[in-house]
There are 2 protein chains.
Amino acid sequence: VATWRLDPATTHLNHGSFGATPIEVLHHQRRLRDQLESNPVDFFQRRYQPLLETSRRALARFLNADPDGLVFVPNATYGVNSVLRSLEPALRPGCEIVITTHTYNACRNAVVDTAKRVGATVVVADIAFPIAGPSQASAAVLDAITPATSLVVLDHVTSATALVLPIAEIVADLEPDVTVLVDGAHAPGMVEVDIAALGASFYTANCHKWLCSPKGAGFLWVDTFHRTSTNAAAISHGYNGAWPASSSDFHARFDWTGTDDPTARLAVATALRVMDEHRQGGWYGIRQTNHELVLEGRDLVCERVYMEPSAPDQMTGSIAAIVVPQSLASHMSAFDLVEHLHHQWAIEVPVSAWPGSGDRVMRISAQQYDQVADYERLATALGDLTE
Amino acid sequence: VATWRLDPATTHLNHGSFGATPIEVLHHQRRLRDQLESNPVDFFQRRYQPLLETSRRALARFLNADPDGLVFVPNATYGVNSVLRSLEPALRPGCEIVITTHTYNACRNAVVDTAKRVGATVVVADIAFPIAGPSQASAAVLDAITPATSLVVLDHVTSATALVLPIAEIVADLEPDVTVLVDGAHAPGMVEVDIAALGASFYTANCHKWLCSPKGAGFLWVDTFHRTSTNAAAISHGYNGAWPASSSDFHARFDWTGTDDPTARLAVATALRVMDEHRQGGWYGIRQTNHELVLEGRDLVCERVYMEPSAPDQMTGSIAAIVVPQSLASHMSAFDLVEHLHHQWAIEVPVSAWPGSGDRVMRISAQQYDQVADYERLATALGDLTE
């Protein structure tokens, strides 16, 4: 059973933002760091590459992805930036890049910058929130497609609104010449990710969220068509094949992007194993129990604040968004609510202002360290604000 | 006195590639990580920014740089990539980007990619090696300047050849409309860096090399003219000011570029203090004693292999390059030599093939953990190869 280093005096209902890491994984990472510090040259020049391959192969198996197309990045934001910069020479002025009203702000910024550089138009597909079902989401994206569409950027699980989008269905409905970049930041470990079956051109995500690796580990998977033209956001020695001795030029361009602390990505295989051994049913069991717990927590909180769930269960993974009614502490902004719950109740839970409506949207999470009592505590805290 | 976690059974003569970190600094970093793991949300949302400002201010003082223009990056390669990508919209087809024959391979790759994107020409200034004096270097760079020169990229201390280039003199001789990017990867902590006095447009460097911070800390300083147009290589929330609450938009664009382990950059202030307290004379004393030791080591090795120093003392900091005579183990490549010294002698010292001549160039370093006996050991190992 995995144990955690999380402060027991705090109620942790925001696994989604930065994740958390089992102690066993942190200990493994510390041993790697001690090796690194005892002889940095030996570590980087002789030990790093085989350790990286072990992590890559374990992650590729977990994602059902071809390891030849899989590289590590510090986080999904870096993955998205790498893809956009690499696609720029192929994007023509007047082309359209489709994002959605739920696209993660950091990635929308990266898309806006790329559009400006190449003279493209950013088209925003309006996905309803609250939402009735997945077909509403796929219809909104498909409605935004025109003959000028070159690239579609989709969140697998949306950030502020916690919706699992029907990525596979959307990809299947698109013309094959449309490039699809999936930002799966929150997805692996929360929902099943089968990259081979998905058919996207690019898939990037974090390992430090729901795979519970140390912070600073993410991945980017690239299909065979785009592999030779895809570079890391920071070009380094791999660009001319000088270093490191990776199994391919594509790998080399990402395996080394300058000196940093690589131990988070080297600990991914261990994180996958530790979590798999955590409970009966392994990763399937983790996804299932987290999903059931977040639904129970969501219903409990919704009932207390007299709200309906904002998405059906089938569009919910291990995070759930709850619209905070306008009548509840109407003088408090989203930020005020977060700080109030932190300072008065020692509850960590994110709240954001949803641009569509101005509503305050609270997002709860369920990870193996959470219990029903945690959501009851949140419900009590919110009830206290109502009175 | 700083103590180190380096394996005592190894002779460490390659501080230059990846640095090394005093145990006291590593302990401070571990405490930061423990704080982070106990509540990642609280750490990133409330504690990170003030800790970052403390590091930034300490580093700005050390560099005599305006903190408003100073941001952290993972390493100098990332800094160079960020600058090039940010400059691209202003670079016109047909313009010239000047680098040198000593430009670090990773950064040359980044320049080549930018030149390809904007239709610029890369002009390579041929700096002699071995070299007689600094004026030979500045003349070579100035000879490469034409009215079409838009950007000059200069190493402050060259990597394979260990030359301290006369950056200030070169900048002073250039027209003010020429943008200068200094890659100071090896410079801070090895030579005095006075950014205010330098007059460059951009200065990027590593903290994990000669400032002895943990790995994954570097900085980028940007002059006032370029600050509003300079973005991190990975665009994130700061692009539209959404996060974090930094003291300026410029800071925000670099202070948060997606989740990673930020503790290396947060430990920079501690690294600066620990090293300053390490010996009489503080940082000046460290630079001076490292410089004297590397010259002694260089002379000792040069004598044993019957070579002349390849650069004058005034162009040498705490690393020194020694051309390996062709007669010495002529069947061994640069890589073979590195591996031989590692496996047979437990000596870590880099050797590279210098493209100009095909010569094998060995680079030794001197840091506070080194002693004359270390260079004697290297001389013995090389002498053994001669017989």
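**Figure 1. Superposition of chain B on chain A in the predicted model.** A turn of 180° and a shift of 0.0 Å along the axis lay chain B on chain A with an RMSD of 0.0 Å. This is the relation of a two-fold axis. The contact surface is the same in both copies, as 100% of the contact residues of chain B recur in chain A. Among the residues of chain B, B:Ala233 comes closest to the rotation axis, with its C-alpha at 2.9 Å.

**Figure 2. Helix H15 of chain B and its surroundings.** Helix H15(B) covers residues 372–386, which is 15 residues. At 1.5 Å a residue these should span 21 Å, and the end C-alpha atoms are 21 Å apart, so the expected and computed values agree. The buried residues of H15(B) are B:Asp374, B:Tyr375, B:Leu378, B:Ala379, B:Ala381, B:Leu382, B:Gly383 and B:Leu385. An α-helix has 3.6 residues a turn, so residues three or four places apart point the same way. The buried residues of H15(B) pack against three strands and two helices of chain B: strands E1 (11–12), E10 (347–348) and E12 (360–365), and helices H13 (282–305) and H14 (334–345).

**Figure 3. The edge-to-face pair of A:Trp4 and A:Tyr369.** Over all chains, the count of aromatic pairs comes to 24. In the pair shown here, A:Trp4 and A:Tyr369 are 5.2 Å apart centre to centre, with 75° between the planes. A:Trp4 lies in the segment before strand E1 (11–12) of chain A, while A:Tyr369 lies in the loop between strand E12 (360–365) and helix H15 (372–386) of chain A. The pair therefore ties together parts that are 365 residues apart in sequence. Both A:Trp4 and A:Tyr369 are buried.

**Figure 4. The stacked pair of A:Tyr203 and A:Phe219.** The ring centres of A:Tyr203 and A:Phe219 are 6.1 Å apart and the planes are at 5°, so the pair counts as stacked. A:Tyr203 belongs to strand E7 (residues 202–206) of chain A and A:Phe219 to strand E8 (residues 218–222) of chain A. The two residues are 16 residues apart, and the pair links distant parts of the chain. A:Tyr203 counts as buried because its relative accessibility is 1%. A:Phe219 is also buried, with a relative accessible area of 0%.

**Figure 5. An aromatic cluster with residues from chain A and chain B.** Chain A contributes A:Phe18 to this cluster. From chain B come B:Phe43, B:Phe44, B:Tyr48, B:Trp243 and B:Trp256.

Note on methods:
Residues are numbered from 1 along each chain as its sequence is written. Chains are lettered from A and ligands numbered from 1 in the order in which they are written. This is a predicted model: local features need pLDDT of at least 70, side-chain atom pairs count only at pLDDT 80 or more; totals for chains, interfaces and linings use all residues. Side-chain values use heavy atoms; hydrogens and water are left out. Helices (H or I, at least four residues) and strands (E, at least two) are DSSP runs, numbered from the N terminus. The expected span of a helix is 1.5 Å times one less than its number of residues. Buried means under 20% relative accessible area, exposed over 50%, partly exposed in between (1.4 Å probe, protein chains only). Contact means heavy atoms within 4.5 Å. Copies are superposed by least squares on the C-alpha atoms of residues with pLDDT of at least 70 in both. Rings of Phe, Tyr and Trp (its six-membered ring) pair if their centres lie within 6.5 Å; planes under 30 degrees apart count as stacked, over 60 as edge-to-face and the rest as tilted.
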